[in-house]
Amino acid sequence: MAALAVVMVVVGTTAGIWSMRRQVDAGFAQEAHAFLTTPLFSMMAFAGFVGAAIVRRRDSPSHKRLMLLGTIGGLVPAAIGRLPIVGGRTPLVVLVFVVFLAAGPGFDRLTRGRIHPVGLWGGILAFLFVPARLAIGQTAWWQTFAAWLIR
């Protein structure tokens, strides 16, 4: 399963770069360079959470929550943005993302009486990745890096 995660990160990163290359070729270079943070940070979130889950595989409660966070934090945002009713409406995208992130800790609270630390802190970290990548995508150094990466 770890090999599959590595393949997903490689394919997801490559697909993100190729997709943005097509946007640059269509004349949307600055937007493509800024948006490149989305697939790259998503793959970083997925790799980080899944990597931590692999390290913690003998600690079942932590492992399960980290795998869930890898899926939600790394893969779900792209799907949410493509939902017919939600897509293109930033407040709704954020709301649906928060609902997904809160599902695990909410379940823990209801069934165990407390929130597992991995679910709490991992969910906060996954949520903070969103504004971080938006802010980073607008910086001059990121635009330069993205232009170099996409060419």
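# Close-up views of a predicted model

**View 1. Surroundings of D108 in helix α6.** With a relative accessibility of 2%, D108 counts as buried; the term buried stands for under 20% relative accessible area, exposed for over 50%, and partly exposed for what lies in between (1.4 Å probe, protein chains only). The structure is a predicted model, in which local features need pLDDT of at least 70 and side-chain atom pairs count only at pLDDT 80 or more, while totals for chains, interfaces and linings use all residues. Residues are numbered from 1 along each chain as its sequence is written, and side-chain values use heavy atoms, with hydrogens and water left out. D108 belongs to helix α6, which covers residues 90-112. Helices (H or I, at least four residues) and strands (E, at least two) are DSSP runs, numbered from the N terminus. When neighbours within four places in sequence are set aside, the residues in contact with D108 are R65, G113, R114, I115 and H116; contact means heavy atoms within 4.5 Å.

**View 2. The crossing of helices α4 and α6.** Helix α4 comprises residues 60-74, and its axis comes within 9 Å of the axis of α6, with a crossing angle of roughly 160°. Such axes are lines fitted to C-alpha atoms, for helices over the stretch in contact, and the angles run from 0 to 180 degrees between N-to-C directions. The crossing angle therefore makes α4 roughly antiparallel to α6; angles under 35 degrees count as roughly parallel, over 145 as roughly antiparallel, 65 to 115 as roughly perpendicular, and the rest as oblique. The two helices cross in a right-handed manner: a crossing is right-handed if the near helix is turned clockwise from the far one by less than a right angle, and left-handed if anticlockwise. On the α4 side the contact involves R65, L68, L69, I72 and G73, and on the α6 side F97, F100, L101, G104, D108 and R112. By class, these residues divide into 6 nonpolar, 2 polar and 3 charged. Here Ala, Val, Leu, Ile, Met, Phe, Trp, Tyr, Cys and Pro count as nonpolar, Asp, Glu, Lys and Arg as charged, and the others, Gly among them, as polar.

**View 3. The crossing of helices α3 and α7.** Helix α3 spans residues 37-55 and helix α7 spans residues 117-137; their axes come within 10 Å and cross at roughly 155°. This angle makes α3 roughly antiparallel to α7. The crossing of α3 with α7 is right-handed. Helix α3 contributes T37, T38, F41, S42, M44, A45 and F49 to the contact, and helix α7 contributes G122, L125, A126, F129, R133, I136 and G137. The contact of α3 with α7 has 8 nonpolar, 5 polar and 1 charged residues.

**View 4. Surroundings of F49 in helix α3.** F49 is buried, with a relative accessible area of 8%. Apart from residues up to four places away in sequence, F49 touches L66, L69, G70, G122, L125 and A126. F49 and L66 are 17 residues apart along the chain, and their C-alpha atoms are separated by 5.4 Å.

**View 5. Aromatic pairs and an aromatic cluster.** A pair of aromatic rings is described by the distance of the centres and the angle of the planes. A search of the whole structure yields 5 aromatic pairs; rings of Phe, Tyr and Trp (its six-membered ring) pair if their centres lie within 6.5 Å, and planes under 30 degrees apart count as stacked, over 60 as edge-to-face and the rest as tilted. One of these pairs, F41 with F129, is edge-to-face, at 5.9 Å centre to centre and 65° between the planes. F41 lies in helix α3 and F129 in helix α7, so this pair ties together parts that are 88 residues apart in sequence. F41 is buried at 11% relative accessibility, whereas F129 is partly exposed at 22%. F145 and W148 form a tilted pair, with 5.9 Å between centres and 35° between planes. About one helical turn separates F145 from W148, because they are 3 residues apart in helix α8 (residues 140-150). F145 has a relative accessible area of 34% and is partly exposed. One aromatic cluster is formed by F41, F129, W141, W142, F145 and W148.

**View 6. Surroundings of F127 in helix α7.** F127 counts as partly exposed, at 32% relative accessibility. Beyond its neighbours within four places in sequence, F127 is in contact with V94, F97, V98 and L101.
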